[in-house]
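These are my notes from a first look through this model. I wanted to see how its strands pair and what lies beside them.

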Amino acid sequence: MGQIKDILRTMEYGPAPESNTDVQAWLDANNQGFGHFINGKFTSIEGRDLIAVMNPANGSPLGKVVHGTTADVDAAVKAARAAFGKWSVLPGHERAKYLYAIARHIQKRERFFSVLETMDNGKPIRETRDIDIPLVARHFYHHAGWAEMVETEFEGYSPVGVCGQVIPWNFPLLMLAWKVAPALAAGNTVVLKPAELTPLTAIAFAEICHEVGLPAGVVNIVHGDGTTGAAICGHKDVDKVAFTGSTEVGRIIREQIAGSEKKLSLELGGKSPFIVFEDADIDGAIEGVVDAIWFNQGEVCCAGSRILVQEGIAERFYNKLRKRMETLRVGDPLDKTMDIGALVSPGQLKRVTSLVEKGKTEGGTLWQAPGKLPAKGNFFAPAFFTDVDPASTVCEVEIFGPVATTTTFRTPDEAIALANNTKYGLAASIWSENINLALDMAARVKAGVVWINSTNLLDAGAGFGGYRESGFGREGGREGLYEYLTADWEKRLPLAKAEQPLKLSAAPDGDAKVAQGGSIDRTAKNYVGGKQARPDGGYSYSVLGKGGQIVGHAGIGNRKDIRNAVEAATKAGGWGSATAHNRAQVLYYLGENLDARRAEFEALLVESTGVSAKAAAEEFDTALRRIFYYAAQADKYDGAVHATKSRHVTLAMNEPFGIVGIVCPDENPLLSFVSLVLPAVSMGNRVVVVPSARHPLLATNLYQVLDTSDVPGGVINIITGERDVLAKTLAEHDEVDAIWYIGSKEGSAMVERASCGNLKTTWVSNGRQRDWLGGKAQGKEYLRRAVQVKNIWVPYGE
C-alpha cells in the first residue's frame with residue numbers, strides 16, 4: 001500500500017470497490033433463471049427457452065430469463081385486462097398509497113438496486129447510486145401525488161386501459177419508472193417488456209410490487225427480444241403503447257398499430273446540440289460536456305453529442321476539453337472512483353467503433369483519452385472529433401457512445417442553423433452568461449427539452465420528450481400524465497354511418513341541372529399563400545347541392561397543389577412568433593367580418609347541404625361563437641412553471657407544431673372547418689386544409705373574409721379535391737409537422753401509416769362521429785392537441 005504522503009503528492013486514486021455480496025447472493029439463489037411476472041406471480045422456467053444475461057464489464061453470466069412467446073403475452077394482457085376493472089375505479093388515494101409504498105421500498109433498497117443496475121448495464125456505481133435509483137423513487141413519489149389529484153385535476157378524463165410498454169437498456173429501471181408510475185397513477189394496468197440485455201432490475205422491481213401487495217395483474221413483466229415487444233404492441237387488447245428506443249423501431253411500431261385506435265407515445269433517438277458562446281463560463285461548460293456526452297458512456301438519447309463552439313474561444317475550449325478528457329477514469333463500474341463504465345454489449349461496442357472509424361475515414365480528427373482499457377469487457381475511451389463537416393456521418397447519426405463531434409460558429413443565427421440541422425429534436429444545451437441570448441436561443445432551437453448553463457437534468461416533475469423524429473408525447477409532469485388518459489367525450493363517440501364513396505369527375509355532368517338562380521361560373525379556386533390559385537392539374541368537378549343540382553365547381557387538387565401550399569405555409573413562419581395578443585386580434589377581426597356576411601353563408605348552407613334555414617342559422621351562429629372562443633383562448637392557454645427537485649425555473653412552454661395538415665368531414669361543412677382550423681391557428685400553427693369534398697364552397701367562400709381580416713398569407717391554405725388522396729399526400733409530406741384527419745376508419749389508418757416518414761403527430765377520428773354543434777367540439781383538448789410542450793430549464797437561486 002502506498003504511503004499517505006505519496007498519495008497526497010500524486011493525488012492518484014486507489015481502488016474503491018462497491019460490495020456486490022447481496023446482489024450476487026440473490027443471483028445465485030436464482031441461478032436456474034427467472035420467469036415472467038404475470039398476475040402477481042413469477043412463471044415457471046421449466047422447459048422454456050432462456051436468454052442469457054451478461055455482465056458488460058467482464059463478460060461473465062449474471063442470470064437467465066425466459067424468452068417470451070405470444071402465449072406469454074396473451075396471459076399477461078389477459079391478467080392486466082382482468083385487473084383493470086377494479087384498479088381503474090379504485091379511489092385515487094388508494095392507488096396513491098401503493099405508489100407511495102413502492103417508492104419507499106425502492107428507497108430502502110437503493111444500494112441493492114444500484115449495484116444490480118451497474119452489474120447488469122455497465123454504468124458506473126456513482127451514477128446508479130446518485131442519479132438513477134433516487135430518480136426512480138422520485139417518480140413513484142411524484143406520481144403518488146398525481147394519483148391523489150387525478151380525479152379533480154383531470155376532470156373529464158379517464159384511464160386508457162391496458163398499457164403495453166417497451167423500454168430500452170440504457171436506463172433500465174429509470175425507464176420502467178417513467179412508464180409504470182404515470183400509468184398506474186392514472187388508473188391503467190401495465191404489460192412491460194424490459195430490454196433483453198438488461199432485465200434484472202425489472203425482476204427485482206416485480207418483487208417489490210409483490211412485497212407491497214400491489215393487486216395481481218396491475219403490473220405484468222414479460223421478457224424477450226423484439227418479437228416479444230412486437231407481440232405486446234400489436235396485441236388486440238392493448239389500448240396504449242409507450243416505447244422508448246430507436247427511431248427505426250418507433251417507425252415500425254407506428255406502422256404496425258396504424259388504424260388500431262391504440263394511443264401511442266414515442267421517445268426516440270437524438271443528436272442534441274451543445275451550444276457554447278464566447279461569453280460562457282468555459283470551465284463550467286467543460287464540465288457540462290462531461291455530463292452531456294461522457295455520462296452513462298454516452299448511451300443517452302439526449303446526450304449533447306454535437307458540440308457547437310463560437311469561433312473566438314474554439315481553440316481554448318478544445319485544449320481545455322482535451323485536458324479534462326484525459327483525467328476521466330474508465331474501468332470497473334463497481335469501482336466508485338470510475339467515471340466511465342462499460343458499453344452495454346459487444347454489439348454496441350462494435351457499432352461505436354465502426355462509426356468512429358467512419359468518422360476518421362471521412363476526414364475527421366479524433367481526440368481520444370489515452371490510457372489502457374481493461375482487458376475484458378466492452379470498454380471504449382471517451383473521445384471527440386474536430387474537423388468534421390455538418391453532413392458527415394458522425395454528425396448526423398446517433399453514435400450512442402462516449403463520442404462527440406465539434407463544430408464552430410460565428411453568429412447566433414449560424415448556431416441555430418447548425419443546431420436545427422438534424423432530423424431529431426430531443427434536447428439542447430445552451431451556455432452563455434447573457435440570459436437574453438440564452439433564452440432567445442432556447443425559443444428558436446427545435447427541441448423538446450432545453451437546458452441553460454446545464455445539461456441532462458431530469459425530473460419527474462417536468463415533461464421529457466422530443467420534436468420531429470425524436471418522437472411525440474411526453475413523460476413526466478402534467479403533460480406526461482395526459483399520455484395515460486383519454487378525454488371522456490372522445491372515448492364515447494359513436495361510429496359514423498358508412499359513407500357513400502364520392503368519386504370526383506372532371507367530365508361535364510349532363511344529367512345534373514344548375515341550381516335555380518345559380519351561376520355556372522361559380523368556380524372556386526384553391527387558396528394558397530393568401531391568393532386564389534388554379535389547381536395545378538387544371539381539373540374541376542361539379543359540386544352538387546340540394547336536390548342534386550349543380551351549385552358550382554371546385555378544383556381537383558393534386559400533390560403539387562399540396563406542395564405549393566406547404567411552401568406558402570413555411571414562408572408564413574412569423575405567425576408562430578407573433579404575440580398571442582396579436583393573433584387574438586386577427587381572429588376577432590375574422591369573426592367580425594364573417595358576421596357581416598351572415599346572409600350569404602346561411603343561404604349557401606341551405607343551397608349546398610339542403611338543411612333548413614333555421615339549421616343553417618344555428619350552424620353559422622355556432623361557428624361564429626367558436627371563432628370568438630379561440631380568439632379568446634389565443635392569449636390564455638398558458639404553459640406552466642414546473643416544480644422540479646433542482647434549483648431551476650423549469651418553463652413548460654406551449655409551442656406550435658409549425659405546419660398542421662387538417663382534413664375536414666362532410667358534416668356541418670362550415671362549422672367543422674372552423675372548429676378544426678381555429679384552435680390550430682390560434683396557437684400559432686399554419687394550416688393546409690382539405691375542406692369537405694361534398695360541400696367545399698363553404699370553405700372557399702371564406703377567401704374574401706380571410707383577405708379582409710389581416711390573416712397573413714400562408715397561415716390558412718385551402719386545397720379542394722378528393723379527401724383521402726390529399727390526406728395521404730399531407731401525411732407523407734416531411735415538412736408537415738402534424739395532421740388532423742376526420743373521416744373513415746380506413747382513412748384514419750392510412751393517415752397514421754403514411755405519417756411514419758417523419759413521425760408526425762396524428763389526431764384521427766377512426767370513423768367516429770362528432771357532434772359539431774355540441775360543446776365537446778371545442779375546448780382545451782383541441783388546444784392541447786395543437787401544441788407541443790418545450791421544457792426549458794433556467795438556473796434559479798443557488
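Before the first entry I fix one term: contact means that heavy atoms lie within 4.5 Å. Angles are taken between N-to-C directions and run from 0 to 180 degrees, with axes fitted to C-alpha atoms. I also keep in mind that the model is predicted.

Entry 1, a helix on strands. I looked up helix α15, residues 412–419, and found that it lies across β11 (273–276), β12 (306–310) and β15 (403–409). Its direction is at about 145° to β15.

Entry 2, the sheet behind that helix. I asked in which order the strands of this open sheet come. There are 10 strands, and I read the order as β13-β14-β15-β12-β11-β16-β17-β32-β26-β25, with mixed pairing. At the edges I found β13 (365–368) and β25 (640–642), each of which pairs on one side only. On average, neighbouring strands of this sheet are turned by 25° against each other, direction ignored.

I then followed the β25 edge. β25 pairs with β26, residues 648–656, in the antiparallel sense, and three bridges join them. For A640 I noted A652 in β26 as the bridge partner.

Entry 3, another open sheet. I noted three strands in the order β20-β24-β23, again with mixed pairing. Its edge strands are β20 (523–524) and β23 (540–544), and each pairs on one side only. Between β20 and β24 (residues 550–555) I counted two bridges, in the parallel sense. Opposite A524 I found A554 of β24.

Entry 4, strand β7. Is β7, residues 189–193, mostly covered or mostly open? I found it mostly covered, as five of its five residues are buried. Here buried means under 20% relative accessible area. I checked the two faces of β7: T189, V191 and K193 are buried on one side, and V190 and L192 are buried on the other.

Entry 5, the partners of β7. I looked first at β6, residues 162–166, which pairs with β7 in the parallel sense over five bridges. V162 has T189 of β7 as its bridge partner. With helix α7 (residues 172–186) between them in the unit, β6 and β7 make a right-handed β-α-β unit.

I looked next at β8, residues 219–221, which runs parallel to β7 and is joined to it by three bridges. V191 stands opposite N220 in β8. From β7 the chain crosses through helix α8 (residues 200–211) to β8, and I noted this crossover as right-handed too.

Key. Residues are numbered from 1 along each chain as its sequence is written. This is a predicted model: local features need pLDDT of at least 70, side-chain atom pairs count only at pLDDT 80 or more; totals for chains, interfaces and linings use all residues. Side-chain values use heavy atoms; hydrogens and water are left out. Two strands pair if DSSP finds at least two bridges between them. Buried means under 20% relative accessible area, exposed over 50%, partly exposed in between (1.4 Å probe, protein chains only). A crossover is right-handed if, with the strands pointing away from the viewer, the path from the first strand over the helix to the second runs clockwise.
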